[in-house]
Structure formats: structure tokens, C-alpha cells
Amino acid sequence: MYPITTLHYLVLSVALLLIGTVGVLTRRNIVIILMSIELILNAVNINLVAFSHALHNLGGQIFAIFVITDAVAEAAVGLGILIALFRNKETVQADEIDLLKW
Amino acid sequence: MNFLDQIWLIPLFPLFGAALMLLVGKWLDPQPASAVAVAPGVEPVADGHGHGHGQAKAHPTHEHGHVHAPLKKLINIICPGMVLLSFIFSAGAVWQLSQLPQKVHEVIQFTWIAGLPFHMATGQLATFQADWGFLLDPLSSVMILVVTGIGFLIHVYSTGYMAHDNGYYRFFGYLNLFVFFMLMLVLANNYLLLFVGWEGVGLCSYLLIGFYYHKKSAGDAGKKAFVVNRVGDAGFILGMLLMMSVLGTLRFVDVNSALRSGRFAVEAGGFGVLSAMSLLMFFGATGKSAQVPLYVWLPDAMEGPTPVSALIHAATMVTAGVYMVARSSALFELTPSTSTVVAAIGAFTAILAASIALVQNDIKRVLAYSTVSQLGYMFLALGVGAYWVAIFHLFTHAFFKALLFLCSGSVIHAMGGEQDMRRMGGLKDKIPITHWTMWVGSVAIAGIPGLAGFFSKDEILWQAYSSPKGSTLLWLVGIATAALTAFYMWRLMNMTFYGKSHVAPEVAAHIHESPASMTVPLVVLAIGSVLAGWMGVPKAWSLFNDSWRGFAAWLAPPFASAAKEAATEGEHSASMEWILMALSVAVAIIGISLARYFYCIRTEIPERIGARCKPLHTLLYNKWYVDELYDFLFVNGLGKGGGRVLGAFDRNVVDGGVNGAGWLTRFTSRVSMWWDTWIIDGAVRFGSFFVKMLSYPVCILQTGRVQAYALFVVVGVLALLGYYVVR
């Protein structure tokens, strides 16, 4: 068995980042988009924890916990906005919400 | 009692009467509601002139009954009573004046117009002041006695004549108001106050001519009188202003002393500022005293009630012009050229009016033209410098012309409103008192020796002949007029009182002599017409001493020149005066006899002559077409034509200016609007358009889709990343 190296973490992280990014750009449902954003955040978290482990520095893990907290808050606010939006527009499709232009 | 200091009361009495009548008279003489306009029964009479100046006053015959309000008697007492009081005060004042050595008494009641500083023509600073003051001198004393004396008699007469008329109180109110203004006119101590009276009598004249206001011709006649008088008044005002600017005062005493001081030379042969002044004032006099060219209102003024014609349009008001010119004698002495004009106009008016009177058929019209003619005589006398003679004739004329008018009123009264002499005749025995008094008046005006008219008229003719300013031509015109006067007066007498009766039978039944209130004044005036002349017996009648010539002496002080005239007069031979006198009596007798022959004995002759000289007769009958000429020249020409011209001017020039200004404003606003739309708005819009164009590419990027923005972010990040990696 090969030991799990930092590189493995980084590959996973990149994979998650790419999946998240593509999800954000391509999916129309805002719930999915929010989930994709969580994926991106978690990619970052993995990155932070991996380097913390490799470098023996706890700062990265602490930062990761902050990110998680932040993600929770962000998800809460995002879902709240989403519900308010749905009440007004009766849709959660991102491409149907395009009023914010000149 | 010192009447001299109470002369301010003289005009005040009639004013009180007028105020009483006009303010509370309505309750003294309540009008019957049913008969407001014309009393029923008698139709207005037209005399075929087409002017329709028949009198619609229409005395109701007796079966209509007398509407006697109990208080009406009070009017009968108050109004003539006030004039009588004035007469008593006047007589007292004149008596006391004759006791004064200087024969002038001036009372200034209060300052009317306080000192107004102004620059005279010479550049000198003067103060103008007019007082409410009264001047009693021999001239005004004659006038106030005539106004109040004759005025009182005519008031008494009116109580009978107007008894059946509606508006009784109104009539007497106006009449008293007239007496007030007339007394103001003759008692004023300056021209401005005189002018107040002058305008006041004009107003009363207007009111009384239009007394039967429901009749259109009466209203028109009133307006005509008012307007024609206004024309003359304009001249008078200008004359006064010129006098103010040259002499600096309008007070008679100051004006006369300034003019007699020698500061002003006689404007002989020339036409200077004084001549202009006197000519303007004379123009004012032609309006009030009915001279050519402004006499046209007086014949029409006969639309008024007959007592008004007698008092205002024969005896007093129309002589105001004569009085004014006589009052300005100092001025006219200095201006021989104006005096010549005055004499010429007077003579021309005299013969013109007399010629018209020859063929008129309305009894009052004949007398109206006779008045114009006699006023012409007065101006002839004024023009030749015989001022006292003019006043003398004014005095005697007031008696016999008032008498003649009142008699004609009595005739009209008897005939139930008929004025056309062709429908009269043979009235001699039916109304004897009227006939005999009118006979006296006609003899007096014709100039038969011994009666008033003879003395004054003969004196005028003598002065026209002998005075330095007179001439044979003036005398000839005068004596021709005398012949015409005798003829037309006796034509009137014969047509009215003698010969065959042409009275309609239904009228003839009602003919009755007038009541005593009318006949008594007639008798008094007839006595006056006989006696009034004996104050100025001709010089040639050496049988009478100077006390028979008191009139000239009495009037000497106001006319400083009269003494001079008297001196030159003495040089002429008495035999010449006798010859002229005989001539004038001869033409008078010829005139009377001819009239008797034509209109009583051979009544077909006048028609034959009329047919033979058709154009002349038509010309005279239509009053020389002067009214038509004035209508053409002034009413239609200057008035309406000028109105049209001014209307065109208004439409084209004034309106054109306004419209042009409007058009210009609109045009500039168009330009401004175009500028605003295309340049200002254009610039703004272009700016916005420019910005829009610039922003267009950026706008394409702003889709409003969140994911697109996210894509841009990702692309951006990749681009940055790529940039750093590749480098």
C-alpha cells in the first residue's frame, strides 16, 4: 500500500474544485449551485488541512474550522435569500432571475 | 338793511328753491302712476318740416280734470317766491349801488382756487387765484334785474302754463336752478366763476329743452344744444387760458385795469395775441348767444316748454354771450380786427335769421329765428363799439321777446298744443288779452316809435352808421333786417290773430283765454315793452333832457370807451339822425303794411310769390340748408367720416402694431423653440446618445445572469493564471 501523500490530497482538492466550479457555472438550480459552492469551499478546506499536516502547522486546520463555520453561515443566508426569492418569483432557476441589469 | 353786502344771497334763493324741488319735490307733487308720459287726448303736432318739432306737451283739455295735489300749491309759492326774493334783493342792491360814488361793489366770499404759481407768456412768475366773489356794477345790475324780474314773471306764468304737466316739480327745480346759474354768471367777479355759471345755464338749458324726454326730437334738440354749445365753450376756455398766460389774472377788475393801463397797444390793422384772445372769447359767445356759425341749436331748442323758450332761449341765457363780450369791452377796444368780425357776424346773423323767419310756419320757430336775429343786432352794436347800446337792446329785447314767447305759449295753450300758424287765424276776439299783449310786443319789435324796441334798435342802427367802427354797409344790413323783422312779425300776427280762421272745428270749440296766472305776466311784460325804451331816448329828441337818457350814463363806468364814443357821436348832425330814424320807421311801417296786405287782404299773393321764386322759397324754408350742411360737414363728414378714418387707423396702425408685436413675439418664440429643441435638447440628447453608444459593448456583458458573471470571474482567474504561468 502506498502511503497517502500530500499530493493525493491536492489531487482530491483539485478534483473537488473543478467539480464545484463546473457545477456553479453549468447548473441552473440555485440549490445545486449552493451545493457546488460548498464543494469549492471543501476543496479549499482539504487543501488547508493537507498543508497543515505536511508542514506541522496547526494554523491551517484552525483556518479550516473558520471556513466551515463561514460556510454554514453562508449556506443559511443563501438558503434564506433563496426562499424569499422563491416566494416572489416562484422559481429557483438561476437563468430566470436576470433582472439585475441596466 | 345793507343789500350790497348781501348780494351773495341773490343767487342763493333760487338755489335753495331748486334744491328743495329736486330733492323733495317728488313728495310735494306726486305723479299719477297712470299718466307718466303724455297726457292723453292730444296728439303731438308736426308742422311738415320733417323735423317733427311739434310740441307733444299736449295740454289736456279741461275734461281731463285738474290733478291737484294739495302740496302743489306750495311749489307755486316757493319757486316764484324765491325768484321774487332775489328780485327784491337785486333791486335793493342796485338802488344802493346807485348811491355809491364809484358805482362798483365787489364782495369776495371766499377763495375758490388758492394761489397757483405759474409762468406767464413773458416768463414772469405769477400766482393764479380765483375767488368765489361777486361783482356788482352797472352792467351786472342791469343783468340781475332782467334775470330776476323777467324770471319771476315767467315763473308765475309757468304755474299756469305747466299746471297740467307731469314733472311739475322737476320743471320748477330746473327753472330755479337755471336762475341760480344765470345769476352766478352775471354776478361773478372773474371769468372762471362766470364760466361756472356759463356751463350751469348750458346744463339747465339742456335739461329743459329735453324736458319732454319721452319725445325723441326733444332729446335730440337738447343734445344738439349741448354739443354745439360745447364747441363754443372750447373757444371760451382757450381764450381764458390765453388771458391767464398773457395777463396773469382772470378777475374782471384786474383784467380791465391791466388792459387799460397802456401796457398793451391797440392792435390796429394787425392780428396779435389780444386779437386771438378776443376772437376765441367771441367764439364762445357765438355758441351761447346763437350767432353764425353756431346758431343752429337755438331754433331746435324750441322743443322745450314755451316758458323755457321765453326765459332761457330768448330773454336771458342767450344774452350771456352779449354780456360776456360787453364785460370784456376793454379787450375788444384794443382789438379792432376782432370787433370788425363781431360786427360782421352780428349783421350777417341778423339778416340770415330774419330771412329764414320770413317763411317758417311754426309760431315758435319764427320767434326763435327772430331771437337769433335780434341777438345779431346786439353783436352788431358790440362790434361797432356801442356796448351800452347792446346792453340796452338786451334789456328791451328781454321784455318784448319774453312777452312774444309767452303770448305764443298762450296761443298754443288756447289751441291745445297746435303750433302751426297755417292752422290758426282769426283768434283776435277769442283770446283778447293774448292778442293785445302780443300786438304790443310785435309793435315793439317792429320798431314803431314810442315802444321799447324802437329806441334800442334805432340806437343800434345809428351807432352802426355813425360810430368810427361802423359803416354804411352795416347800417344797410341793419335796416334791411328791420324791414324783414317788421314783415315776419306781422306775418305771424296776421296768420294767427286776423283774417280767416283755419282752425280745425274740434279745436275751435276748446279755444279759451288763459288763466290769470298767465295773462297777468303778459300784461306786466307788455307795459314793460312800452316803457323800457324810455331810458334811452335818442339824442336827437332834444325835447327830452338828459334824464331820459339815463341808460347810457348808468352804463358809462363799465365801458370806459362809451364816453369817448359819446364825444365822437356829438359831432354828427342831429338832422342825419332824424333822417335815419325816419327811414327805419318807414321800413317798419312798410313791412307791417306789406304783411297785412299779403296775409290778411290778398292771401293768395304769398303763394304766388312763393311759386314764382320757388328756389329762393325752398332755400329759406329749409333754413339755407345750414343744418344739412353741418350734418354733411361735421356730423357725417368729420364725425362719422373721421370716425371711419380713425377706425381704419385703429384697425390698421394701432391694432397692426399690437398684432405685429404679437407676431414678432411668436416668431422669436418659434426660433427660440427651434433652438431649444434642436440645439440645446440636441446637445443633451447627443451626449446621452454618445454615452449610450460607448456603453453598448459593456452592456452586452451585463446580462443579469449570476452564472455568466461567475463565468467571467473564472475566465479572468484562468487568464491571470495563464499569464503568470506562461511568463
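A residue counts as buried if 20 or more other C-beta atoms lie within 10 Å of its own, as exposed if 12 or fewer do, and as partly exposed in between. Keep that handy for this predicted model, starting with a lysine in chain B.

**Odd backbone spots**

B:Lys103 has 17 other C-beta atoms within 10 Å, so it lands in the partly exposed class. You'll find B:Lys103 in the loop that runs between α2 and β1 (105–119) of chain B. Its backbone is a bit unusual: phi of B:Lys103 is near 60°, a positive value in a residue that isn't glycine. For background, most residues other than glycine have a negative phi, and most peptide bonds are trans.

A second lysine does something along those lines. B:Lys623 is not a glycine either, yet has a positive phi of about 60°. Look for B:Lys623 in the loop between α25 (614–621) and α26 (626–701) of chain B. Is B:Lys623 buried or exposed? With 23 other C-beta atoms within 10 Å, B:Lys623 is buried.

Then there's a proline to flag. The peptide bond that leads from B:Val292 into B:Pro293 is cis, with omega near 5°. B:Pro293 belongs to the loop between α8 (273–288) and α9 (297–300) of chain B.

**Two helices, one with a kink**

Which residue sits at the centre of the kink in α1(B)? The kink is about 50° and is centred on B:Leu22. The end-to-end span of α1 (residues 9–28) of chain B falls short of what a straight helix would reach, whereas the span of α23 (residues 574–601) of chain B is close to the expected one. Here are the numbers:

| Helix | Residues | End-to-end C-alpha span | Span at 1.5 Å a residue |
|---|---|---|---|
| α1(B) | 20 residues | 25 Å | 28 Å |
| α23(B) | 28 residues | 39 Å | 40 Å |

As for what α1(B) tucks away, its buried residues include B:Ile10, B:Pro11, B:Phe13 and B:Pro14, along with B:Gly17, B:Ala18, B:Leu20, B:Met21 and B:Gly25. These buried residues pack against α2 (72–99), α3 (138–161) and α4 (168–187) of chain B.

In α23(B), the buried residues include B:Glu577, B:Leu580, B:Met581, B:Ser584, B:Val587 and B:Ala588, and further along B:Gly591, B:Ile592, B:Ala595, B:Phe598 and B:Tyr599. If you're reading spacings like these, remember that an α-helix has 3.6 residues a turn, so residues three or four places apart point the same way. The cover over the buried residues of α23(B) includes α16 (432–446), α17 (452–466), α18 (472–497) and α24 (604–612) of chain B.

**Helix pairs**

Next come two packed pairs. In chain B, helix α5 (residues 191–209) packs on helix α6 (residues 216–247) at an angle of about 170°, and the axes are 8 Å apart. That angle makes α5(B) roughly antiparallel to α6(B), because anything over 145 degrees gets that label. On the α5(B) side, the contact is made by B:Tyr191, B:Leu192, B:Phe195, B:Gly202, B:Ser205, B:Tyr206 and B:Ile209. Across from them, α6(B) brings residues including B:Ala218, B:Gly222, B:Phe226, B:Asn229, B:Phe236 and B:Met243. By type, the contact between α5(B) and α6(B) splits into 12 nonpolar, 4 polar and no charged residues.

The other pair is α11 (residues 320–327) and α14 (residues 363–383), also in chain B, which pack at about 5° with their axes 10 Å apart. That is why α11(B) and α14(B) are roughly parallel to each other. Here B:Val322, B:Val325 and B:Ala326 of α11(B) meet B:Leu375, B:Met378, B:Phe379 and B:Leu382 of α14(B). What kinds of residue make up the contact of α11(B) with α14(B)? There are 7 nonpolar, no polar and no charged residues.

**Positions on the helices**

B:Ser98 is part of helix α2 of chain B. With 12 other C-beta atoms within 10 Å, B:Ser98 is exposed. B:Ser98 and B:His393 are 295 residues apart in sequence and 21 Å apart in space, C-alpha to C-alpha.

B:Val626 lies in helix α26 of chain B. B:Val626 has 16 C-beta neighbours inside 10 Å and so counts as partly exposed. Between B:Val626 and B:Glu199 there are 25 Å in space, C-alpha to C-alpha, and the two are 427 residues apart in sequence.

**Where the chains meet**

Finally, the chain contact: 10 residues of chain B touch 10 residues of chain A. On the chain B side, helix α27 (residues 706–726) gives the most, with 5 residues. The chain B side divides into 5 nonpolar, 4 polar and 1 charged.

Note on methods:
Residues are numbered from 1 along each chain as its sequence is written. Chains are lettered from A and ligands numbered from 1 in the order in which they are written. This is a predicted model: local features need pLDDT of at least 70, side-chain atom pairs count only at pLDDT 80 or more; totals for chains, interfaces and linings use all residues. Axes are lines fitted to C-alpha atoms, for helices over the stretch in contact, and angles run from 0 to 180 degrees between N-to-C directions. Helices (H or I, at least four residues) and strands (E, at least two) are DSSP runs, numbered from the N terminus. Angles under 35 degrees count as roughly parallel, over 145 as roughly antiparallel, 65 to 115 as roughly perpendicular and the rest as oblique. Two residues are in contact if their C-beta atoms, placed from the backbone, lie within 7 Å. Ala, Val, Leu, Ile, Met, Phe, Trp, Tyr, Cys and Pro count as nonpolar, Asp, Glu, Lys and Arg as charged, and the others, Gly among them, as polar. The expected span of a helix is 1.5 Å times one less than its number of residues. The bend at a residue is the angle between axes fitted to the seven residues ending there and the seven starting there.
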